[in-house]
Amino acid sequence: MATKAPFLGLAGLFLAGLLSLGPTPAPTQSGPRIDATRALAVSEAAIGREIGDHRLLRADGTTLMLSELKGQPFVVSLIYTSCSTVCPVSTQTLKNAVAQARKALGADSFRILTVGFDARNDTPRRMSAFARDNAIDRDPLWQVVSGSPAALEALIEDVGFSYSAAAGGFEHISQTTIVDADGRVYRQVYGDEFPLQVFMEPLKELVFGISVSSFTPAALADRLRFICTVYDPKTGRYRTEYAIYIGITAGAVSLLLMAWVIVRMWRGNRRHARIEARS
């Protein structure tokens with residue numbers, strides 16, 4: 001059973017928030033219901049916050065320190081393995097969005113981290129089964145992890161995630177967190193199903209950059225890719241708009257020709273002035 005609640009995002013954007021409830025053997029007691037307005041405020045307040053170097057466990061039982069993910073953007077999705085409704089749906093939505101984003105941004109441009117927040121039940125073994133059931137277990141850039149109660153609570157606080165024990169499961173905000181290469185929360189995406197562009201645009205900004213910090217060929221190439229990668233509402237996909245490349249090239253050539261004409265005229269006027277001065 002799932003209970004949906006609308007969220008209003010910043011700058012007038014409507015964010016489809018979701019409070020979800022799924023079956024699980026524990027806990028046996030219910031906690032206070034989540035207040036949607038407060039949950040959104042907590043989530044948005046996390047933007048700009050640096051995530052700590054928490055110690056988590058991969059599905060194979062080895063340790064993952066979150067600092068290992070720094071250096072490129074990554075995505076954090078919090079689920080619990082006993083959920084049979086919303087969590088699998090949100091994972092499949094994320095899986096499809098990741099596939100589309102990789103086509104536009106590059107196959108290795110960002111990583112994904114699925115975290116089991118039910119410390120009592122989300123063991124490495126169960127996280128491994130969740131990964132297999134959702135066909136994300138063979139993705140080398142997608143890791144599923146669990147952790148100690150202390151590590152999970154610290155991570156949950158860092159990313160602004162809200163949840164509460166409920167009869168038969170957990171009520172929680174359906175939230176996907178996009179983190180920048182420095183390990184800071186960059187954007188929140190809400191809902192178990194979300195529009196592709198809501199997920200893609202923040203990643204596009206992080207991967208290609210929204211400003212050119214240097215004028216190296218690589219930096220300028222990334223800036224061009226940022227400008228020319230556009231969303232096509234007819235297909236629901238991102239594509240490279242080569243017409244923009246052509247327009248930019250034509251504009252650059254026009255500017256160069258104009259500069260050449262101005263320089264020629266200026267040099268001609270200087271030469272003419274020198275000749276008149278001699279005579």
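Start by selecting Phe 117, which is buried, with a relative accessible area of 3%, where buried means under 20% relative accessible area, exposed over 50% and partly exposed in between, using a 1.4 Å probe and protein chains only. This is a predicted model in which local features need pLDDT of at least 70 and side-chain atom pairs count only at pLDDT 80 or more, while totals for chains, interfaces and linings use all residues. Residues are numbered from 1 along each chain as its sequence is written, and side-chain values use heavy atoms, with hydrogens and water left out.

Next, add Phe 170, which counts as buried at 6% relative accessibility. A search of the whole structure finds 9 aromatic pairs, a pair being rings of Phe, Tyr and Trp (its six-membered ring) with centres within 6.5 Å, where planes under 30 degrees apart count as stacked, over 60 as edge-to-face and the rest as tilted. The rings of Phe 117 and Phe 170 have centres 5.4 Å apart and planes at 75 degrees, so this pair is edge-to-face. To see the surrounding group, select Tyr 80, Phe 161 and Tyr 163 as well, since together with Phe 117 and Phe 170 they form one aromatic cluster.

Move then to Leu 66, which is buried at a relative accessible area of 5%. Among the residues that Leu 66 touches are Ile 51, His 54, Leu 113 and Leu 155, contact meaning heavy atoms within 4.5 Å. The C-alpha atoms of Leu 66 and His 54 are separated by 5.6 Å, although the two residues are 12 apart along the chain.

Finally, select Glu 205, which is buried with a relative accessible area of 19%.

Key. Lists of a residue's contacts leave out its neighbours within four places in sequence.
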